[in-house]
Amino acid sequence: MSQRQYAFEREAAASPGTARLAYVSRAQYSSDWNSSLHTHGCAEVFFITGGHGRFRTQREEFPVAIHDAVIINANVPHTEASQLASPLEYTVLGVDGLETLTGSEGYALLHLHTGWEELMVCLRLMLQEAGESLPGYERVCQSLLDVVLVRLNRQRNAALSGETSGARPSRECGLVRRYIDNHFKENLSLDQLAQLAHLNKYYLAHIFRREFGVSPINYLISKRIEESRFLLRETDHTLSLIAQILGFSSLSYFSQCFRRVEGISPLEYRKRNR
């Protein structure tokens with residue numbers, strides 16, 4: 001495992017509600033990588049910068065690739081794994097006093113198709129400052145952390161808190177939202193989601209809207225549309241293929257949903273953003 005890590009002094013008297021940088025590290029998968037479950041006394045925020053891999057907690061496992069960020073709460077068992085053919089690379093921030101409130105499992109997976117380069121600029125500068133350790137570098141790195149967390153908190157499914165306590169979404173709603181986040185390309189229905197949460201589907205729709213301001217199906221559609229914007233901008237896939245990749249039942253339904261969310265057709269969006 002190739003790794004560079006820079007640690008910062010922890011202030012025992014840090015203000016409540018303040019997230020503080022404990023360390024910043026950059027790592028690349030190698031044959032001596034230890035992929036056993038482990039925990040940390042602070043939250044960790046992973047930014048996947050290359051390769052492909054998988055994250056595993058005690059109950060779940062999910063794939064990650066470039067443009068993904070994974071937030072793991074303090075004391076949550078987890079590990080990362082990769083293949084030598086496409087070694088996983090990431091930058092990780094250890095952060096005291098940070099917590100994601102997206103569910104009972106203690107982690108969040110974010111797909112960052114917008115604002116990625118700006119985050120990378122912050123992380124590269126943080127690594128440079130920590131590596132050179134010139135006077136005032138801790139202050140610079142803490143300020144960069146504040147910028148990173150503000151930008152992450154703009155993501156719909158980040159729900160970051162600077163404190164280790166506070167109101168959480170219900171376990172069932174958090175479970176359903178996280179499942180949608182990880183499986184939005186699959187053929188999902190409200191019946192399936194209700195069965196997953198062991199709830200009546202009408203009750204699930206009611207409490208999910210109360211928690212997140214949107215129904216489970218509209219949340220699913222929003223995730224698909226978010227991904228479709230990236231595919232329309234960055235690939236030459238046909239509209240039919242994009243609709244198929246994202247689990248839409250037909251091209252017409254994809255176009256209808258896209259127009260409802262974006263106000264223009266997928267083809268017009270592609271023309272404007274290429």
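## Strands β2, β3 and β8

Strand β2 (residues 20-28) lines up antiparallel with β8, and eight bridges hold the pairing. Strands and helices here are DSSP runs (E, at least two residues, for strands; H or I, at least four, for helices), numbered from the N terminus. Two strands count as paired if DSSP finds at least two bridges between them. As one landmark in the β2 pairing, R26 sits opposite T91 of β8.

A quick word on what you're looking at: this is a predicted model, so local features need pLDDT of at least 70 and side-chain atom pairs count only at pLDDT 80 or more, while totals for chains, interfaces and linings use all residues. Residues are numbered from 1 along each chain as its sequence is written, and side-chain values use heavy atoms, with hydrogens and water left out.

Back to β8, which spans residues 89-96 and has seven of its eight residues buried. Buried means under 20% relative accessible area and exposed means over 50%, with partly exposed in between (1.4 Å probe, protein chains only). Strand β3 (residues 43-50) also pairs with β8, again antiparallel, this time over seven bridges. Here V45 has L93 of β8 as its bridge partner.

## Strand β6, covered on both faces

Which residues of β6 are buried on each side? D68, V70 and I72 are buried on one face, and A69 and I71 are buried on the other. That fits the general picture, in which side chains of a regular strand alternate between the two faces of the sheet. Put as a count, five of the five residues in β6 (residues 68-72) are buried.

β6 has pairings with β3 and β10 to look at. With β3 the sense is antiparallel and there are four bridges, with F47 opposite A69. With β10 (residues 107-111) the sense is antiparallel too, over five bridges, and D68 has H111 as its bridge partner there.

## The open sheet

Three strands make up an open sheet in the order β5-β4-β7, with antiparallel pairing. β5 and β7 (78-82) are the edge strands with a single partner each, so one side of each has no neighbour in the sheet. From one strand to the next, the twist averages 30° (axes are lines fitted to C-alpha atoms, for helices over the stretch in contact, and angles run from 0 to 180 degrees between N-to-C directions).

Inside that sheet, β4 (residues 52-57) and β5 share five bridges. F55 faces F62 of β5 across this pairing.

## Two nonpolar cores

The largest nonpolar core has 29 residues, and those with the most contacts inside it are V45, F47, L93, L98, L112, M126 and L152. A core here is a set of buried Ala, Val, Leu, Ile, Met, Phe, Trp, Tyr and Cys residues joined through side-chain atoms within 4.5 Å. The elements giving two or more residues to this core are β2, β3, β6, β8, β10, α1 (116-132) and α2 (137-153). α1 is the top contributor, with eight residues.

There's also a second, separate core of 27 residues, and V176, I180, L204 and F258 are among its members.

## Helix α4 and its neighbours

In α4 (residues 190-197), the buried residues are L193, A194 and A197. Looking down the helix axis, the buried residues fall within an arc of 100°, so they line one face of α4. (That arc is taken over the directions from the helix axis to the C-beta atoms.) They pack against α3 (171-183), α5 (201-212) and α6 (216-234), where contact means heavy atoms within 4.5 Å.

## Two positive-phi histidines

Most residues other than glycine have a negative phi, but two histidines here don't. H67 has a positive phi of about 80° and belongs to the loop between β5 (61-65) and β6. H198 comes just after α4, with a phi of about 60°, in the loop between α4 and α5.

Buried or exposed: what is H67, at 18% relative accessibility? H67 counts as buried. H198 is exposed, at a relative accessible area of 71%.

## A buried glutamate

E227 lies in helix α6 and, at 10% relative accessibility, is buried. What does its side chain make a polar contact with? The partner is the side chain of H113, at 2.7 Å. A polar contact is a pair of N or O atoms within 3.5 Å; within protein, one must be able to donate a hydrogen and the other to accept it, and residues adjacent in sequence count only if both atoms are side-chain atoms. Leaving aside neighbours within four places in sequence, E227 touches H113, F184, K185 and L246.
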